[in-house]
Amino acid sequence: MFGWRDTPSFRNEDPALSIRMFIKEEQFYPPFEKLFKIEGRVIARFSIDQSGQMCNPEIADSINKNFDKEAIRILSSSPVWANTKEKCTMFTFPVGFSSE
């Protein structure tokens, strides 16, 4: 059985939940998009290397350059992940932007 404990973990928790909390804590809403209440979701892809560092963050599905930049900024500031493996592990994750 494959579960979150078999993958690199973020803050020693399920990465799907803990990275979502990290994004909420670190997110800065771009001013133009906030003013005009532009919302949406970008899909980001990144790898966790053998040392637990996030590498190669990229946008797989874009809606707006400012949201893309912010998603990359947040993910690039990620602290070291734990429970890393002998090879890189790839993740795809949505980064949502809501004006509320």
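Visitor: What makes the two faces of strand β3 (residues 89–97) differ, covered or uncovered?

Guide: In this predicted model, Thr 89, Phe 91, Phe 93, Val 95 and Phe 97 form the covered face of β3. The uncovered face holds Met 90, Thr 92, Pro 94 and Gly 96.

Visitor: How do you know that β1 and β3 pair?

Guide: Pairing needs at least two bridges. Strand β1 (residues 40–48) and β3 are joined by nine bridges, so they count as paired. The two strands run antiparallel. As one of the bridge partners, Gly 96 in β3 is matched with Arg 41.

Visitor: Why are Cys 55 and Cys 88 not called a disulfide?

Guide: The sulfur of Cys 55 is 4.7 Å from that of Cys 88, its closest cysteine sulfur. The cut-off is within 2.5 Å, so the pair is too far for a bond. The count of disulfides is zero.

Visitor: Why is Cys 55 called buried?

Guide: Its relative accessibility is 19%, and buried means under 20%, so Cys 55 qualifies. Cys 88, at 42%, counts as partly exposed, because exposed needs over 50%.

Visitor: What is said of a salt bridge for Asp 68, which is buried?

Guide: Asp 68, in helix α3 (residues 65–76), has no salt bridge. Its nearest side chain of opposite charge, Lys 65, is 8.7 Å away, and the limit is within 4 Å.

Visitor: What makes a polar contact with the side chain of Asp 68?

Guide: The side chain of Ser 62 does, at 2.5 Å; the limit is within 3.5 Å. Beyond its neighbours within four places in sequence, Asp 68 is in contact with Val 42, Ile 59, Ser 62 and Ile 63.

Note on methods: Residues are numbered from 1 along each chain as its sequence is written. This is a predicted model: local features need pLDDT of at least 70, side-chain atom pairs count only at pLDDT 80 or more; totals for chains, interfaces and linings use all residues. Side-chain values use heavy atoms; hydrogens and water are left out. Helices (H or I, at least four residues) and strands (E, at least two) are DSSP runs, numbered from the N terminus. Buried means under 20% relative accessible area, exposed over 50%, partly exposed in between (1.4 Å probe, protein chains only). Lys and Arg count as positive and Asp and Glu as negative; His and the chain ends are not counted. A polar contact is a pair of N or O atoms within 3.5 Å; within protein, one must be able to donate a hydrogen and the other to accept it, and residues adjacent in sequence count only if both atoms are side-chain atoms. Contact means heavy atoms within 4.5 Å.
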